[in-house]
Protein chains: 2
Amino acid sequence: MLGRNKTGAKAPDQTTQGGEAAPKAAPSRRSLLVAAGAGGLGIAAGALGHAALGAEASSGAQVEDIVPFHGQHQAGIATPMQDRMHIAAFDVTVEGRDELVALLKDWTAAIEHLMKGADVGEFGATGGNYDAPPEDTGEAIGLPASHLSVTVGFGRTLFEDSRGPRFGLQGRIPAALIDLPHFPGDALEEARSGGDLVIQACADDPQVAVHAIRNLARIGFGRARVRWSQIGFGRTSSTSTSQMTPRNLFGFKDGTANLKAEEQKALDTHVWVGGNTGNEAWMNGGTYLVARRIRMHIETWDRTSLGEQETIFGRTKREGAPLSGGTEFSEPDFAMPGRGGPIMPVDSHVALAHPSANGGVQMLRRGFNYTDGSDGLGRLDAGLFFIAFVIDPRTHYVPMQNAMAKNDALVEYLKHTGSGLFAVPPGIAQGQFLGQSLFS
Amino acid sequence: MLGRNKTGAKAPDQTTQGGEAAPKAAPSRRSLLVAAGAGGLGIAAGALGHAALGAEASSGAQVEDIVPFHGQHQAGIATPMQDRMHIAAFDVTVEGRDELVALLKDWTAAIEHLMKGADVGEFGATGGNYDAPPEDTGEAIGLPASHLSVTVGFGRTLFEDSRGPRFGLQGRIPAALIDLPHFPGDALEEARSGGDLVIQACADDPQVAVHAIRNLARIGFGRARVRWSQIGFGRTSSTSTSQMTPRNLFGFKDGTANLKAEEQKALDTHVWVGGNTGNEAWMNGGTYLVARRIRMHIETWDRTSLGEQETIFGRTKREGAPLSGGTEFSEPDFAMPGRGGPIMPVDSHVALAHPSANGGVQMLRRGFNYTDGSDGLGRLDAGLFFIAFVIDPRTHYVPMQNAMAKNDALVEYLKHTGSGLFAVPPGIAQGQFLGQSLFS
């Protein structure tokens, strides 16, 4: 009850505290609660002291659902795919390079806490000063880390916009960070596209992902403004051979041939940037995130026959096997004859997406199903929030998307309403901040 | 590969088949897959035959995550609360009573399948005729039943609208199915309010809930139009003493004192309609669903001090204990003195929501946190989709909401943007359809 009173005094602005609190590890949400449950405040305070001494995580049960933050690459790319996502793009509203670096440091500190299942800040949701706003918003108290991963990327407008270079980053724009071309059939909405920065939060529990984005947005308050955000309720890919291939809202397994975390060599070829020198060396160990909000005309699709649906995908609906036979993971036989042409139609989704049709390129897909209520015509606003990580969008996304937008039998059921391309810097070591290589 | 060809022939309209398929139970999605995995098509067909012979569910693992469909009350009310929700309101676009009954029959048959974890229809997502659209959209193939519950309610406009009575239902409007009054501070949007019918789908897996609403909307195509829909990503209440109280987006445990499924007597007093005769007898065993979309000004809230936040709720943030002391489930002591007044402020949320301030009335809360992207000002559009089940909104919702809207210290952080009130008919026995008592 100490110090609790209804005060009209203006609370100090805490938006810059996330970064300053970095050196001290906040206790995990669950360990605190378990300790409190075991005997009340005294023991909880003991647990706090213990965690504050630098324990990474205090129990085996917790470690299991924590994705490591530090490493060669950022988390949330080749780490096993979680079921839920909240992604947000931000526009930076400060103008100084130092202020941008301070924001990235604050976000880095907070992300490190969040991925451990801890509150952001030194004192978290309920510690510290009763007369100040809590550092953490608190809705994830008691929830496990839930394999939260947070991934940060930079848009082209962070480096330069219509007024010229920004943040002294002239000359540091990677050649691959292009303005994506207009693709046939694009119906992009400005308010769902672009952004100076992107933050992707994925977790097993959507409340944990939403908590992360919300607290990062809060830390950025007055420095970065949310441009768009999207909730994804179900993954549409797997990034590990141990995961079942899920289904998109057309009811099909898509992305069966997705790159997997276990394919280290393929990742080095198709996902991770490496070997750059000079002005692009900062991207070594990084990758590019392509985001496309793809609305599906599900009502139209649902009136299509099962045969037509399978012909369009080139796969069977239940098993996900190519129409040339076998099981889900069988290689399609594009030469096998069918009635009036190959049994795998040349304009089927599988045929157009297959590496053999795209000069051997592959991508790491990490997309999510979404539903955003209904539109004015009583149709569900639902579809795929496509996310892919590629080594270079000029070779690994644009040609395929051009081919698909022109030829894919699926296109008439799709509308691309949002788009973004972001340079994802490499992972970092303890003591560094996300994106540090760009500023050194 | 049989019969698969790219046909231009118009597929027959299958929107009315859900009902006709009712007598035959579709196999559960998981049992089919397990069988198929065990040895291919022959065994899968065997499983189909087995399930079609009337087995309710074929394995213990499945029964565990199935909520029973038949019973005295509809599911999704006093059954244990699931973590995710998709709710949709519909406007009926047909005019005949028989057509409305046919729609309810079709929906009933489909809901029975869905809650078992089965596809809708006789042949489901991938069976039947290759030249016809699949009966089920398929994105839940392989997912367990996930405790799906589907709950149907009727809005006042189903009985009469501005043009007069509808569907021959004059005289059957329950007195409790009022037009909710305008509450202080309401900022309701027409497109998020009202509706002739509501369907609430709750499940452990959001993809299962979305699949249910989508397939029910599809079955209603041409007969009922989605008016609004909402995804909830995290429950904000518990309906069983075995569940932990979750947190809302203010970071607080709310609804600690919620009615629980185990409190049978309290449910009969505060939730279940009973003892009606005459024109309202059809509601016996039913209840009323109050829906309110409550946007939270979370950015403003987040700048409020921890002390102020706890004062506004009347509870501690971490433990959720009343400010008068104890633990989460301790009764608040509204007489305990504090500095300058009672330690539990009279305008605190707990004080105003407590049965002692509301003539002893209680409600069964079953709400969800939501986030619908961000608004034009870069703020997250997030809050609480409030759902409560009450025996009579005139006594169990309107007075409390009036008092809260006028006095609750929380109100300045809230904006009600959507509203609905629905009469939820009782549960049904095998062979009946949802809402049957209204039409007999």
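1. Start with the loop of chain B that runs between α5 (97–115) and β2 (149–155), since B:S146 sits there. In this predicted model, B:S146 has a positive phi, near 60°, and it is not a glycine. B:S146 is also buried, because its relative accessible area is 6%, under the 20% cut-off.

2. Chain A has a case worth checking as well. A:F167 shows a positive phi of about 55°, again without being a glycine. Look for A:F167 in the loop between β4 (164–165) and β5 (197–203) of chain A. The relative accessible area of A:F167 is 6%, so this residue counts as buried.

3. On to the interface. Chain B puts 74 residues into the contact, and chain A puts in 74 residues too. About 6,200 Å² is buried between the two chains, with carbon and sulfur atoms giving 56% of that area. On the chain B side, B:R214, B:L306 and B:R318 lose the most area to chain A, together 12% of what that side buries.

4. For the charged pairs, seven salt bridges are counted between chain B and chain A. If you want one to pull up, A:D302 and B:R218 join their side chains in a salt bridge at 4.0 Å, N to O.

5. Polar contacts across the interface come to 28 residue pairs, both partners at pLDDT 80 or more. Elements of chain B giving two or more residues to the side that touches chain A include α2 (29–39), β1 (84–92), α7 (206–219) and β12 (368–374). Sorted by class, that side of chain B has 27 nonpolar, 25 polar and 22 charged residues.

Notes. Residues numbered from 1 in each chain as written. Chains lettered and ligands numbered in written order. Predicted model: local features only at pLDDT ≥ 70, side-chain atom pairs only at ≥ 80, totals over all residues. Heavy atoms only, no water. Helix = DSSP H or I, 4+ residues; strand = E, 2+ residues; numbered from the N terminus. Buried < 20%, exposed > 50% of the residue type's maximum accessible area, 1.4 Å probe, protein only. Contact = heavy atoms within 4.5 Å. Buried area = accessible area lost by both parts, 1.4 Å probe. Polar contact = N/O pair within 3.5 Å; in protein donor to acceptor, adjacent residues only side chain to side chain. Nonpolar A, V, L, I, M, F, W, Y, C, P; charged D, E, K, R; others polar.
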